[in-house]
Amino acid sequence: MSDSTVVQEQSIDTQDAGRSNGAMLQIRDLRVWFELRRFGFGRAGSVRAVDGVTFDLAHGEAIAIVGESGCGKSTLMKTILGLYQPTDGEVAYEGSAVGKLGSLGLKQYRSKIGYVQQDPFGALPPFMSVRAILEEPLAINNVPARERGERIEKAMVEVKLTPVEDFLGKFPHMLSGGQQQRVVIARAMILQPGLIVADEPVSMLDASVRVEILKLLRALQASHDLAVIYITHDLSTVRYFSERIFVMYAGKLVEKAPVLSLLRNPEHPYTHALLAASVDPDARNASSLREVPPGEPPSLVRPPSGCRFHPRCPHRIEGLCAEEEPPEFESRPGHQTACWLYR
Amino acid sequence: MTDRSLLRVQDLVLYFRTSAGVVQAVDKVTFGLERGEAMVILGESGCGKTSLAKAILRLLPRNVQRYDGSVFLDDMDVMRLDDDDYRRRVRWIKISMVPQAAMNSLNPVLKVGDQVAEPMITHFGVNKKDAMTQVRRMFEHVGVPLDFVKRYAFELSGGMRQRVAIAMSLVTSPDLILLDEPTSALDVLTQANIMNVLKRIKKDMDASFILITHDIATSSELADRVAVMYAGQIVEVDTAEHFFDEPLHPYSKKLMASVPRLRADQEPEFIVGQPPSLLNPPKGCRFAERCGFRFEQCSQEPPLMDVEGRQVRCWLYAEEFEKVHAREAGA
Ligand SMILES: Nc1ncnc2c1ncn2[C@@H]1O[C@H](COP(=O)(O)OP(=O)(O)OP(=O)(O)O)[C@@H](O)[C@H]1O
Ligand SMILES: Nc1ncnc2c1ncn2[C@@H]1O[C@H](COP(=O)(O)OP(=O)(O)OP(=O)(O)O)[C@@H](O)[C@H]1O
Ligand code: SF4
Ligand code: SF4
Ligand SMILES: [Mg+2]
Ligand SMILES: [Mg+2]
């Protein structure tokens, strides 16, 4: 039985499905629309930031979500974290729908997910010391004061902010970009979550520091059996970091595949475009132009009909792609692509 | 100097005064650039790349503690010009710059076409109509739709705003364009688009570029030569072929090894430790603390040595350097 049939059967009853396949997180046909502000009468429409996203995340699994600025990556993550309400569809954690949790349940749920947000430089409060930053989540979650010191020290050792005493009293501006990002990760780890959501955790950092932080995250993933969702627009880092890649375009996941399957046999024309534009360092790059699809990502208020990539797609099929939205096709086990070329 | 030679920077120094002490941001930087050539300046955050660009273009903050050395443009040492002369004869006219984060610093209340026309009107006294004609030509070069001249910056995507910033640096047809991290904040597809634009301009206009970046993979899209900066100093100057194939300096080697590869099974490695403070940089080689090849001599500062046309600031190459020198002296 292929994975896609499993998915279809489970979507009939999500509440039981979580228990039956052991997935930690199940996202089913999730939509998150932001209503535009109205001018006068009538509705101006909505920004369809996430528009029909479905996937499962297993315990201890690392996935990467790749896509251009504005395609809805952060919105998807914030909805998973319970910060946004779904417009439609569902996020289920260990078999229970997040939308149906009461305020206490939601607080518990959030404490199980660590969040490493986009932009490390804005992520830390400037007037709090490292100690205070790490103590805050413990206090909010009623961890007794006498246990806090030990928990803080343990988290700092895990992210290699050592010797701990040197860093406890420091304020964010006294730390390098890489050290700041380690504080952010320590804060995300301190409640011992089962899942870490890392939204562009390294895009603002130098190459070497990037590798250091990604290796740190991966080591934590292995030693704590953590699930990780890693969001990025840089394809070159994902192969060292995650087991599966999801490619997102204009609010939708257009390709979902194991990392090497996607890098060696990319299917969706948009994935092809991303790969063609990403280069390895090589002096020969300077003597040729990169191939880039024309135009820019579409408006999410009035997205193109049919396949959302069709206005930019070199393989567009006349009479089909602009009219009908492609469903997901599974060309190889575990490799799904929403494109009519694979029907 | 060959007749293609355009720029020669010699022992350029820029230090800043701060409450904590003197920041030695640019320390005796020396390199040359030919017409039509693109030089990439690579280095980690804080190593002095933007300060070097500012020193070349004499865009100085108030807290300058020391600023000296030579910047020869053609055969004129522009460091000897007074500020008025420099403004009249060099900035915009011979050298222009796309500053770091330029796309986010366009004026929000001016139409982008008027903004791009501005340097021509103020620096060349061109009339508005001719200036706008030139603006349209530049928009075509960089791939901005012509009806965008009447739009405001906030109506444009990041990629389009960056193209506008590049158009602005081109309108006065300078010989040299300095680009400070022109693609760092952009997506891969937009990045590739911008690099395509720069490649085309380089070919069509025979312009020279200095491209400052910490993005090693993208830098190879434009580089004819590469200069690597570490803690305020240039530690290697090399042709792109040599550098991306196998650089010489131990720091350059580690920098290359830290780049994740999409098309090779080579696990990236990070460089242990941090660059030294520029407030009180170490006496000897500035990379010594992180270098696996360190030996006694490294406690003295290595000079930038010429090794068969490649330049490297590392004692490992001193023998090579001596040999070449001896050969030259003998000949
Ligand atoms: N709170 C909000 N209200 C209205 N629109 C929003 C809101 N948050 C995001 N959007 C819009 O939704 C779309 C998706 O935004 P999102 O931040 O999820 O993208 P992203 O993929 O994370 O982009 P980036 O790579 O730039 O971070 C964008 O068009 C954005 O302007
Ligand atoms: N006006 C200033 N006064 C004092 N110190 C300064 C000033 N401008 C820069 N510096 C310091 O000089 C050093 C070099 O800064 P610079 O901006 O040139 O680095 P950079 O290589 O461009 O870094 P990035 O990649 O982060 O842009 C840094 O330590 C910085 O803090
Ligand atoms: S469905 Fe059609 S338009 Fe969309 S990516 Fe596939 S071929 Fe291109
Ligand atoms: S001079 Fe010495 S310490 Fe410096 S890079 Fe060369 S070998 Fe390493
Ligand atoms: Mg985002
Ligand atoms: Mg800079």
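This report describes the surroundings of ligand 2 and the interface of chain B and chain A in a predicted model.

**The shell around ligand 2**

In this model, ligand 2 is surrounded by 17 residues, and the closest of them are Ser45(B), Gly46(B), Thr50(B), Ser51(B) and Asn63(B). Sorted by class, this shell around ligand 2 holds 8 polar, 6 nonpolar and 3 charged residues. Polar side-chain atoms of Ser45(B), Lys49(B) and Gln100(B) each lie at a short listed distance from an oxygen atom of ligand 2, as set out in the table.

| Residue with the polar side-chain atom | Distance to an oxygen atom of ligand 2 |
|---|---|
| Ser45(B) | 2.6 Å |
| Lys49(B) | 2.8 Å |
| Gln100(B) | 2.9 Å |

On its own, ligand 2 has 640 Å² of accessible area, and the protein covers 68% of that area. Three elements of chain B, namely strand E1 (5-18), strand E2 (21-34) and helix H1 (49-57), give two or more residues to the shell around ligand 2. The largest share of this shell comes from H1(B), which contributes 3 residues.

**The interface of chain B and chain A**

Turning to the protein chains, 39 residues of chain B are in contact with 42 residues of chain A. The size of an interface is often given as the accessible area lost when the parts come together. Between chain B and chain A the buried area is about 3600 Å², and carbon and sulfur atoms give 54% of it. Within chain B, the residues that lose the most area to chain A are Leu189(B), Leu262(B) and Phe270(B), which together account for 21% of what that side buries.

Charged and polar pairs also cross this interface, where 5 salt bridges are found between chain B and chain A. One salt bridge joins Lys215(A) to Glu269(B), with their closest N and O atoms 3.5 Å apart. In addition, 23 residue pairs, with both residues at pLDDT 80 or more, are in polar contact across the interface of chain B and chain A.

On the side of chain B that touches chain A, the elements giving two or more residues are helix H6 (188-205), helix H7 (216-219) and helix H8 (240-245) of chain B. H6(B) gives the most to this side, with 7 residues. By class, the side of chain B that touches chain A is made up of 19 nonpolar, 11 charged and 9 polar residues.

How values were computed: Residues are numbered from 1 along each chain as its sequence is written. Chains are lettered from A and ligands numbered from 1 in the order in which they are written. This is a predicted model: local features need pLDDT of at least 70, side-chain atom pairs count only at pLDDT 80 or more; totals for chains, interfaces and linings use all residues. Side-chain values use heavy atoms; hydrogens and water are left out. A residue is near a molecule or strand if one of its heavy atoms lies within 4 Å of it. A polar contact is a pair of N or O atoms within 3.5 Å; within protein, one must be able to donate a hydrogen and the other to accept it, and residues adjacent in sequence count only if both atoms are side-chain atoms. Accessible areas come from the Shrake-Rupley method with a 1.4 Å probe; for residues, only the protein chains shown count as cover. Helices (H or I, at least four residues) and strands (E, at least two) are DSSP runs, numbered from the N terminus. Ala, Val, Leu, Ile, Met, Phe, Trp, Tyr, Cys and Pro count as nonpolar, Asp, Glu, Lys and Arg as charged, and the others, Gly among them, as polar. Contact means heavy atoms within 4.5 Å. Buried area is the accessible area (1.4 Å probe) that two parts lose on being put together, summed over both. A salt bridge is a side-chain nitrogen of Lys or Arg within 4 Å of a carboxyl oxygen of Asp or Glu.
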